[in-house]
Amino acid sequence: DGAIMVVIILFLFLLNFRTTLITLTAIPLSFVVTILYFKWAGITINTMTLGGLAVAIGMVVDDAIVDVENVFRRLRENRHAPAPRPVLRVIADASAEVRNSILFATLLIILVFIPLFGLSGIEGRLFAPIGIATIVAMIASFVVSLTVIPALSSYLLPRMKRMSSEKDSWLVRKLKNFDREFVLKHTLRHPYLIMGVALVLVLGSFALYPLMGKEFLPDFNEGTATINVLSAPGTSLSQSNRIGQIAEKLLISVPEVISTGRRTGRAELDEHAEGVHYTEIDVDFRKTGRTREQVLEDVRHKLSQIPGIVFSVGQPISHRLDHLLSGVRAQIAVKIFGENLDELRAAAAEVEAQMKTVDGIVDLQIEKQVLMPQVKITVDREKAKLYGIAVGELNEQLEAALNGTTVAQVLDGQKTYAVFVRVDEKSRDSVEAMRQLLVDTGVDSAAAAGRPDAQTTRAEAMHTSAPETQKVPLSLLASVVESKGPNIINRENVQRRIVVQANVSGRDLGSVVAEIEQKINANVHLPTGFFISYEGQFQSQQEATRLIGILSLATLAMMFLVLYSHFRSAMIVAQILLNIPLAFIGGLVLTYFMVGQVSIATLVGLITLAGIASRNTIMMISHYIHLMEHEGEKFDEQMIVRGSLERLVPVTMTAAVAGLALVPLVLSAGQPGKEILYPVAVVILGGLLSSTFLDMAVTPAVFYAFGRKAVEKYLARGHGDPLDEIAPSATTERALPLAEPVLTN
């Protein structure tokens, strides 16, 4: 779909089948090179690499557009010149004329994708493939524009019938007339007014940023749901299974639910081991007239009818992402750290009470840590020492007796059976029976009969042929009592912790967490030594945003240095980079109205936009300098008008194809697989709209107001005085030495 958009734009501007065909060759050639690189580097074709190609599909033709348009224009001028030059020389000069602009524009686009490779964690895994695909495609496009495009132009363009006409297409004539009469005519005479209006627009758009919600990643639309249902710890498997069946019946009553699948409990050696009180239900949905939020709200309403449970509604991928980020299957994880378990549970209850009052909180629950009946065996160290038995050894005996241990294996043909040993059930079914368990001690039977000379240690007895050790009941060595204790004690960073978790619905994550922090800080008073950590998607969003900001500043500095290495003028470089905030105007405005939230995908779109927007300004200012350096123009209003009109078509075309190629992604809001690319496309499309229209007015005005001294210094450094008349034949004198042309007029 994006390629079709590109074809339409090219044909509308060029109104020429041959130039359109030459330009379009950049798409398959660039993508073939990219796919070959993927094969060589072991990169797979997946949603994100394809997304990178979708974002790049409009940009890979930009270099070809600039080259073909300039070659076509120069060939047409040469056709009507009094003394036409050889065609190949004209094509070579025309390509060389825009080569620097194309090179530096490509370098800037590559630079702006570097921050994506600095991202760590999930966001790095997601967005790095977009950067790889785009960078490789842009490098391939640049090589194609230097090699294939001029070669095809030399075969297909010189003998065109349209070369005999100097008229542009209808669309181009209208654009040039609009630019000349309604834009340049006023902006060049009132440059400070134009710059003031642009500044107001920039400040107004930046003011929208804090008004938008903050998210880590855009909401996925997986078409399924993963629901965790937890009953009280200690619930039997049969009862938990019954609760799961009830939950499934309630879910099936939701019109959108196609089917459910359930797992109750997890094996002890499972990577995600859970007790039998834990149930996970996978739900498949069909599309109806209701939104996903409405369907999930209905699901929550149905499950709330089951008493004594807590549940969390998520999606398979997003649920796993949450688990990777914070170890909790929820978007928000408020972790409370402390040593005293009773105080931990009390603090968690206070935090939960505050979170209940926050709008947008759903699936709120405290980590299941409850007091359960236990048999507590406390060894008396002094008595154990009297009987010659070590405490650790006694604990090992008790563990083997009560919990059991594997002592051997039995082979029966191809089958293997473990020999599992423990005391019989009667010795384990009551506290009194446990008290009467007999324990081997380090005192032999002779010592027990009153012969101290026969006393030996347990270690020495092991070397005798038939040691006879005394057996005593466990009650003589330890206290065995019924008590209560926590079902589980979770630790993180060697500290005890309990988690209050929740999901968000109907609000953005950033504002919800900010309100939670404000209420907890104001109303929850923790004991000394206790502290709270806010984790989950919000923490990752903050860390990724901070990192992207730092990396973007470094990238901006690198862009400045790259441009300065060519222009040797901070003023010219500043004027080129001025188009970046102009692009942010449209990007932020369109995001505000179409997305409403800022996620990591939005920030990736903004940094991508910085490189794309700079391309057009480089082309415009470079052409101004070229006209003065090689074509005898002076620094005046006439030169600005001429340069702007001659660069209007390639600048507008490159912006149009790059922007409209993203329209299919912009129209795919909410479609599975495109959730991350949608905000990126919205930002770039909006930014290209504002940067293109404002660039037509602001760049000429700023260059006219502040560019004279900078250009004089640039040209005087080694290119002569820009105010001197330069013969029109200068282009011919600087032409590349080529062999005698095969094709002539």
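Select Glu492 and Gln495. Glu492 stands opposite Gln495, which belongs to strand 15. This is a predicted model.

Now widen the selection to the two strands. Strand 14 covers residues 491-492, and its pairing with strand 15 is antiparallel, over two bridges. Two residues sit between these strands in the hairpin. Pick Asn493 there: its phi is positive, near 55 degrees.

**Along strand 15**

Select residues 495-504. This is strand 15, and eight of its 10 residues are buried. Which strands pair with it? Strand 14 is one partner, as just seen. Add residues 361-366, which make up strand 7. Strand 7 and strand 15 run antiparallel and are joined by four bridges. To find the place, select Ile361, which stands opposite Val504 of strand 15.

Strand 6 also pairs with strand 15, in the antiparallel sense, over six bridges. Two matches show the register. Val334 has Val500 as its bridge partner in strand 15. Ala333 has Gln501.

**Strand 6, from both sides**

Select residues 332-337, the span of strand 6. How many of the six residues of strand 6 are buried? Six are, so the strand is largely enclosed by the rest of the structure.

Turn on the side chains. Ile332, Val334 and Ile336 point one way. Ala333, Lys335 and Phe337 point the other way. In a regular strand, side chains alternate between the two faces of the sheet. Note that Lys335 is buried along with the others.

Next, add strand 16, residues 531-536. Strand 6 pairs with strand 16 too, again antiparallel and over six bridges. Lys335 has Ser533 as its bridge partner in strand 16.

**Ring pairs**

The model holds 11 aromatic pairs. Start with Phe337 and Phe531, which are stacked, at 4.8 Å centre to centre with 10 degrees between the planes. This pair links distant parts of the chain: Phe337 is in strand 6, Phe531 is in strand 16, and they lie 194 residues apart. Is each ring buried or partly exposed? Phe337 is buried, at 4% relative accessible area. Phe531 is partly exposed, at 35% relative accessibility.

Move to Phe560 and Tyr564. They are stacked as well, at 6.1 Å centre to centre and 10 degrees between the planes. Both lie in helix 22, residues 537-567, four residues apart, or about one turn of the helix. Phe560 is partly exposed, at 28% relative accessibility. Tyr564 is also partly exposed, at 32%.

Now select Tyr624, Phe635, Phe703 and Tyr704. Together they form one aromatic cluster. For a charge over a ring, pick Lys214 and Tyr209: Lys214 lies over the face of Tyr209, at 4.9 Å from the ring centre.

**The cores**

Select Phe127, Leu563, Ile572 and Phe703. These have the most contacts inside the largest nonpolar core, which has 125 residues. Which helix gives the most to this core? Helix 25, residues 600-630, does, with 18 residues.

Zoom in on Leu563. Leaving out residues up to four places away in sequence, Leu563 touches Phe104, Leu108, Arg568, Val573, Ile576, Leu577 and Ile618.

Finish at a second, separate core of 26 residues. Select Val334, Leu341, Ala348 and Val513, which are among its members. Val334 brings you back to strand 6, where it pairs with Val500 of strand 15.

Definitions and conventions:
Residues numbered from 1 in each chain as written. Predicted model: local features only at pLDDT ≥ 70, side-chain atom pairs only at ≥ 80, totals over all residues. Heavy atoms only, no water. Core = buried A, V, L, I, M, F, W, Y, C linked by side-chain atoms within 4.5 Å. Buried < 20%, exposed > 50% of the residue type's maximum accessible area, 1.4 Å probe, protein only. Contact = heavy atoms within 4.5 Å. Phe/Tyr/Trp six-rings, centres within 6.5 Å; stacked < 30°, edge-to-face > 60°. Lys NZ or Arg CZ within 6 Å of the ring centre and 35° of its normal. Pairing = 2+ DSSP bridges.
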